[in-house]
Amino acid sequence: MAIASQLGWSGGSVMIETVVVGYGLAGRAFHSPLIQRQKALRLHGIVARDPAVRAQAVSTWGVVGYAGIEEALADSRVQLIVIATPHDTHADLAVRALEAGKDCVVDKVMALSATEADRMIAARDASGRMLSVFQNRRWDWDYSTLKEVLSQGLIGRPLLIESAVCRHTPPRTWRGDTAQAGTILHDWGAHLVDQALQLGVGPCRRLSAWITPAPWPGVDSGGHGRIVLEFDNLLFQVEMSRICRLERPRWWVVGTAGGFTKYGIDPQEDALRAGDLDRAAEPANFAATIRRETASGVSESPVETQRSHWDSYYANIADHLEGRAPLAVTAEQARDVVRVLDAAVRSANEHAVIAGPWGR
């Protein structure tokens, strides 16, 4: 039985007919199930060039299968197009969708250059349609927990933040090819830079970056990447690795009145890929801790995890399209991320410090 039928969300009560373009990991494991969880959205169709993949998608979700995006754009029932294809195709596909009068969500990273991002925004403005980028990790539990700690002043003003996702695993399929994916900075780095720019500490003034080669044949997008972002009163380091066998804190923060550390990746991805986002659970040893000086000495205590929800992204898309809410992730915000990544690649290639500002 198709998943849509199992959930009981079909037909009349659903308002926004949505098509996912691409049925790789992002389209299959992230976008399709998250869209289907929203009662104001209907997963109407999936674009997949491979006939076997397309047949699998149709069978799984009970949707229309399209061999190419032009078929989906010609379908007058479709309002929202979600681009879940390799990074180098995002700009062209989004522009085509917008020019066809469709609203558009693009998987991160928005594009592989600021020039491409500008072209996408120009197409949005000319069409009058919506353009957003899937920065779902604004709703990661670890990021939400850090924001709560900072908002309460539990460690004072942050001076140094290190944000890292370090693993030992080769990239999947096209993600190791710079021409299609960009560098390692354009994968997890697109999320970490977005989180840095959304933290509310002002614009990034300058940056420096490094990319270490990967050890696997055919992988030219890098094995380890690091960007140091300099804000007015904060140094924010983002680090991504495919070659690291050592455990690294997801967050390591020094503040004027204490410190914060957090291990482990947000559990929502594994739960979603396993088929039930609501079963996401965090191991006890991944709980965040803060350490502060007190009158009686150094005090260390656990921090309650803030359980934000990945549903929030597509819930906002639906609310925005129905006129109930401003857009949470704007194209301009996503373009700021691309501009930072452009500068970071330049820094790594030229061994130079690059001046900003980026963000707001």
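**Helix 3 and two cysteines: exercises**

In this predicted model, helix 3 spans residues 51–61, and its buried residues are R54, A57 and W61.

**Exercise 1.** Determine how the buried residues of helix 3 are arranged around its axis.

*Solution.*
- Start from the buried set, R54, A57 and W61.
- An α-helix has 3.6 residues a turn, so residues three or four places apart point the same way.
- Viewed down the axis of helix 3, the buried residues fall within an arc of 60°, so they line one face of the helix.
- Turn to the face directed away from this buried side: the exposed residues there are P51, A52 and S59.

**Exercise 2.** Describe what is found at the N-terminal end of helix 3 and just after the helix.

*Solution.*
- At the N-terminal end, D50 acts as the cap: one of its side-chain oxygens lies 2.8 Å from the backbone nitrogen of A52.
- Just after helix 3 comes G62, with a positive phi of about 65°.

**Exercise 3.** Count the disulfides in the model, and explain why C244 is not bonded to C166.

*Solution.*
- A disulfide is a covalent bond between the sulfur atoms of two cysteines.
- The cut-off for the sulfur pair is 2.5 Å.
- Applying this cut-off gives 0 disulfides.
- C166 is in no disulfide; its nearest cysteine sulfur belongs to C244, 4.8 Å away.
- Taken from C244, the closest cysteine sulfur is that of C166, and because the separation is 4.8 Å, the two are too far apart for a bond.
- As for accessibility, C166 is buried at a relative accessible area of 16%, and C244 is buried at 17%.

Conventions: Residues are numbered from 1 along each chain as its sequence is written. This is a predicted model: local features need pLDDT of at least 70, side-chain atom pairs count only at pLDDT 80 or more; totals for chains, interfaces and linings use all residues. Side-chain values use heavy atoms; hydrogens and water are left out. Buried means under 20% relative accessible area, exposed over 50%, partly exposed in between (1.4 Å probe, protein chains only). Helices (H or I, at least four residues) and strands (E, at least two) are DSSP runs, numbered from the N terminus. The arc is that of the directions from the helix axis to the C-beta atoms. A polar contact is a pair of N or O atoms within 3.5 Å; within protein, one must be able to donate a hydrogen and the other to accept it, and residues adjacent in sequence count only if both atoms are side-chain atoms.
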